[in-house]
Structures are given as C-alpha cells and as structure tokens.
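Hi,

Here is the structure I said I would pass on. Could you open it and keep it beside this note while you read?

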Amino acid sequence: FQAEDGIRDYKVTGVQTCALPISGDDRPLVNGDANRVGLKTRSITMLQGELPALQRGDLIGRRKELRDALGFLRENEGAPGVVLQGIGGLGKSALAGRIAMAQREHHWAIAIHHGEFDLGRVAQAVAGALDETASKAKAKRLRNPELDDKSRLQLLRELLQAEQILLILDDFEQNLSVGGTELKRPEVATVLDDLLAHEIGRAHV
C-alpha cells in the first residue's frame, strides 16, 4: 500500500528464493542399485482454503522470514501487522499458516479471509474465531447479516482492541491490479484505513 492510502507501520517481509550452486562433478540423481525405502509422510491439515496448518519443523527454508514476522507481531502491540509479499508460488500462504499456528500456540485467535476483500466475510471470520472468548456476545452481534457497514466496522475495531486475534488476508493479490501497483476497488483502501489506521490494541493483520 502507498502511504497516501493511510495504512502505515507495516513490517514488509519479502519472500524470495535463492539458488544454491553446487561445486564438483555431476553425479547421478538416482542410485538404481540401492534399496528403495518409502518416504515417511504426514498429512497436513488446512486452516482454511489454501492455508496449511504447519507445525514446528514443517516449514523448510523460511526460518528468517518466520522469525522476523513473529518477532514483529510479538514486539509491536498496536501496530497493524505484517505484509508477506512475493510472486505466486513462493510459499507466502505456507509461511502465513506457520505464523498462524505459532500464534495459536500463544493463545491467539486466528481469523482467515481469503481472496477478494469483503467486509461481511471478514466480520464472519473474526466472529467465528472469537466464539469461545469473553467477547462472544459481540461476536454474535457481528454475525448479524442486517448489520450496516458502519456498525460492523465499529464492532470489529472494538474486538481488535479487546482480543488477541490474528486476522489473515490470504491471497490478497486478488484485490490488486495487473502489476500490483494499485487496488482494483479504491474503497477497499478506505475500509482498511478505517479498520487499521487507528491503534488496534492487541490484534494484528
């Protein structure tokens, strides 16, 4: 987001890949004489959509990005959150899934919104994440389909102030123009500004 959108104080963590050169003679990739041993696998459950519920040790090669993101989230109460950026297929959703599970281990509620931004679906995700908390009465009000957007935003702000909640906007690039330089719908920036420009207490996005 550009500064003029009103959304500031985000930690931007770039997700990139590195090529690791190997020195020495090329060797066969497969030894046909060796005994074949099946790989041990463990099924990965999904938090929601394409966001995997990765446990400690499941995510390989993103230790620095994970450490940077978790460090920022845990040390900057009141700042909006973290942006994971990079081209498709580099593992942004996998990294977000591991961050979510790490925060859940610290008793954070996790709300996930996938794809094109919709305030009603954000409200439903937050309400669902808070069903078993002290804020469950407000969460129930947030589920009301007749609630107008102004009231919905106010309730969301109150809940973000009161609860430890991580709101993940996964696959957010669906909201961006070709090239990713601007939002397809300018009103999305207005809503996010209204939701996040204020100090949001204990929550992060």
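Below is what I found, going from a helix pair to a strand pair and then to two loop residues.

First, a caveat: this is a predicted model, so please read everything here in that light.

I started with helix α2, which covers residues 92–105. At 1.5 Å a residue, its 14 residues should span 20 Å, and the end C-alpha atoms are indeed 20 Å apart, so expectation and model agree. The helix is also well covered: 11 of the 14 residues of α2 are buried, so the rest of the structure largely encloses it. Among the buried ones are Leu95, Ala96, Ile99, Ala100 and Met101, and the list also takes in Lys92, Arg98 and Gln103.

So what does α2 meet? One neighbour is helix α1 (residues 63–75), whose axis comes within 10 Å of the α2 axis and crosses it at roughly 45°. That angle makes α1 oblique to α2, and the crossing is right-handed. On the α1 side, the contact is made by Glu65, Leu66, Ala69, Leu70, Leu73 and Arg74. Their counterparts in α2 are Leu95, Arg98, Ile99, Ala102 and Gln103. The spacing is worth a look, because an α-helix has 3.6 residues a turn and residues three or four places apart point the same way. Leu95, Arg98, Ile99, Ala102 and Gln103 also appear among the buried residues of α2.

Now the strands. β5 (residues 109–114) pairs with β6 in the parallel sense, over six bridges. If you want a place to zoom in, try histidine 114, whose bridge partner in β6 is aspartate 170. Strand β6 runs over residues 165–170, and five of its six residues are buried, so β6 too is largely enclosed by the rest of the structure.

Finally, two backbone oddities. Which residue just after α2 takes a positive phi? It is histidine 107, at about 70°, even though this residue is not a glycine. Histidine 107 sits in the loop between α2 and β5 and is exposed, with a relative accessible area of 70%.

The other is aspartate 171, again a residue other than glycine, with a positive phi near 55°. Aspartate 171 belongs to the loop between β6 and α6 (186–196). Is aspartate 171 buried or exposed? Partly exposed is the answer, as its relative accessible area is 21% and the cut-off for buried is under 20%.

Cheers

Note on methods. Residues are numbered from 1 along each chain as its sequence is written. This is a predicted model: local features need pLDDT of at least 70, side-chain atom pairs count only at pLDDT 80 or more; totals for chains, interfaces and linings use all residues. Side-chain values use heavy atoms; hydrogens and water are left out. Helices (H or I, at least four residues) and strands (E, at least two) are DSSP runs, numbered from the N terminus. The expected span of a helix is 1.5 Å times one less than its number of residues. Buried means under 20% relative accessible area, exposed over 50%, partly exposed in between (1.4 Å probe, protein chains only). Two strands pair if DSSP finds at least two bridges between them. Axes are lines fitted to C-alpha atoms, for helices over the stretch in contact, and angles run from 0 to 180 degrees between N-to-C directions. Angles under 35 degrees count as roughly parallel, over 145 as roughly antiparallel, 65 to 115 as roughly perpendicular and the rest as oblique. A crossing is left-handed if the near helix is turned anticlockwise from the far one by less than a right angle, and right-handed if clockwise. Contact means heavy atoms within 4.5 Å.
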